[in-house]
Amino acid sequence: MTQVPLQVAEDESRLFGHALIVFPQELGNSGRFRLSITRKSADTPYLGDGGWQARPATVAAEVVNRTAGSTTMVVGPEVCDRIPVDLQVKIEVDGLNVWGNAFWPPVTPQPGGWSQELTTPPVALPPLPERFIDRVPVPDPPLPPPPIAPVAQPIAKPKSGWRYLYFVIPLALLLAAAGTYGGYRLGWLDPWINPPEPLAARFERLKRTDKDGHELFDLSGDAYRQGNGGIGLQSINLAMERGNQDAKLQIARWYDPISFDPAKADRPDANKAARYYFELVIEGKAEAKDLLRSLCAKNASSPQDPTFNGFLTNTYCEGTLE
């Protein structure tokens, strides 16, 4: 068998849950192959169409590019949604005796599960025209009353007190104008003058402009609060990739068995949480040090807890973090 160095990366040209696997050699003319993907496990080392299993199995891959000395394949959510980030896997092309090892990269999971087959992304719909929403409707002014024929009245001599109206009316108009200007400066009129930017448009803009992930992290929180988990997950993952420590800390807390959030993470993952905490400690994030110590203490006090099966105690909990 021939071992080759593999490259595995998320396929950003497709919607969710797709990864590109690059073999540095030509693999014939077939458009589809079967791949044997295995991991270190005593019980379920083989990945098949039904998930990880004990018996040998293969999964489908589609060839998307060929160059001189290189073949690129794509695998879909039925593969990517079942392999955790940084898991070392062995990938072998069935029938060709070509294989290699790779650490699985971060791949955005497909919301709601996968479609059971490799699919091409749908054709993007044209953008809808922008609309002003949630604006308070302004009622039409009432119709004026029908004119009434004037009745001749004797002209009364104006009283001297009426002269104060010349001062009161301009003062009332000035106060009304000042109130309107103050409301504008204090933001009371913002929802009507500047309607909020749609989440999808905001995400597309920040993908181009937010280099340090700070605004993407804020967008993630807004998206989750508005019930849009798809944009929330994409935003926080992209913020972490761009080096935002707050995003990495938040994701670690989602996977931490102590603070596990089933609405944000598929399952508790003590190793993933510990790895992110450990990296943040190295980067100088003080809060991560206490969280890592709490995770190690929880592991030591709960030896029968199944969420800590396979936890790398020697890697993350021995030695000193000072």
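**Briefing: cores, helix α7 and selected surface and loop residues**

Setting aside neighbours within four places in sequence, Phe311 makes contact with Ala270, Asn271, Ala274, Leu295, Asn299, Tyr316 and Cys317. The model is a predicted one, and within it Phe311 belongs, together with Ile251, Trp254, Tyr277 and Leu295, to the residues with the most contacts inside the largest nonpolar core, which has 35 residues. Two or more residues of this core are supplied by each of α4 (199-209), α5, α6, α7, α8 and α9, and the largest share, seven residues, comes from α8.

**A separate core**

- Apart from the largest core lies another one, made of 27 residues, which include Leu47, Val59, Val79 and Ala102.

**Helix α7**

- Helix α7 spans residues 245-255, and its buried residues are Ala247, Lys248, Leu249, Ile251, Ala252, Trp254 and Tyr255.
- These buried residues of α7 pack against four helices, namely α5 (214-225), α6 (229-241), α8 (270-282) and α9 (286-301).
- Where α7 starts, Asn244 places a side-chain oxygen within 3.2 Å of the backbone nitrogen of Asp246.

**Ser36 in strand β4**

- Ser36 is part of strand β4, which covers residues 32-38, and Ser36 counts as buried because its relative accessible area, 16%, falls under the 20% cut-off.
- When neighbours within four places in sequence are left aside, the residues in contact with Ser36 are Ala57, Thr58, Lys90, Ile91 and Glu92.

**A nonpolar surface patch**

- Leu171, Leu174 and Leu175 together form a nonpolar patch on the surface, and their combined accessible area is about 330 Å².
- Leu174, one of these three residues, lies in helix α2 (residues 165-186), and Leu174 is classed as exposed because its relative accessibility is 56%, over the 50% cut-off.

**Positive phi outside glycine**

- Asp86, although not a glycine, has a positive phi of about 75°; Asp86 is located in the loop between α1 (77-80) and β9 (88-93), and with a relative accessible area of 28% it is partly exposed.
- Asn97 is a residue other than glycine whose phi is likewise positive, near 55°; Asn97 sits in the loop that lies between β9 and β10 (98-103), and its relative accessible area of 43% makes Asn97 partly exposed.

Note on methods: Residues are numbered from 1 along each chain as its sequence is written. This is a predicted model: local features need pLDDT of at least 70, side-chain atom pairs count only at pLDDT 80 or more; totals for chains, interfaces and linings use all residues. Side-chain values use heavy atoms; hydrogens and water are left out. Buried means under 20% relative accessible area, exposed over 50%, partly exposed in between (1.4 Å probe, protein chains only). Contact means heavy atoms within 4.5 Å. A polar contact is a pair of N or O atoms within 3.5 Å; within protein, one must be able to donate a hydrogen and the other to accept it, and residues adjacent in sequence count only if both atoms are side-chain atoms. Patches are made of residues with over 30% relative accessible area and no salt bridge: like charges are joined within 9 Å, nonpolar side chains (Val, Leu, Ile, Met, Phe, Trp, Tyr) within 5 Å. Accessible areas come from the Shrake-Rupley method with a 1.4 Å probe; for residues, only the protein chains shown count as cover. A salt bridge is a side-chain nitrogen of Lys or Arg within 4 Å of a carboxyl oxygen of Asp or Glu. A nonpolar core is a set of buried Ala, Val, Leu, Ile, Met, Phe, Trp, Tyr and Cys residues joined through side-chain atoms within 4.5 Å.
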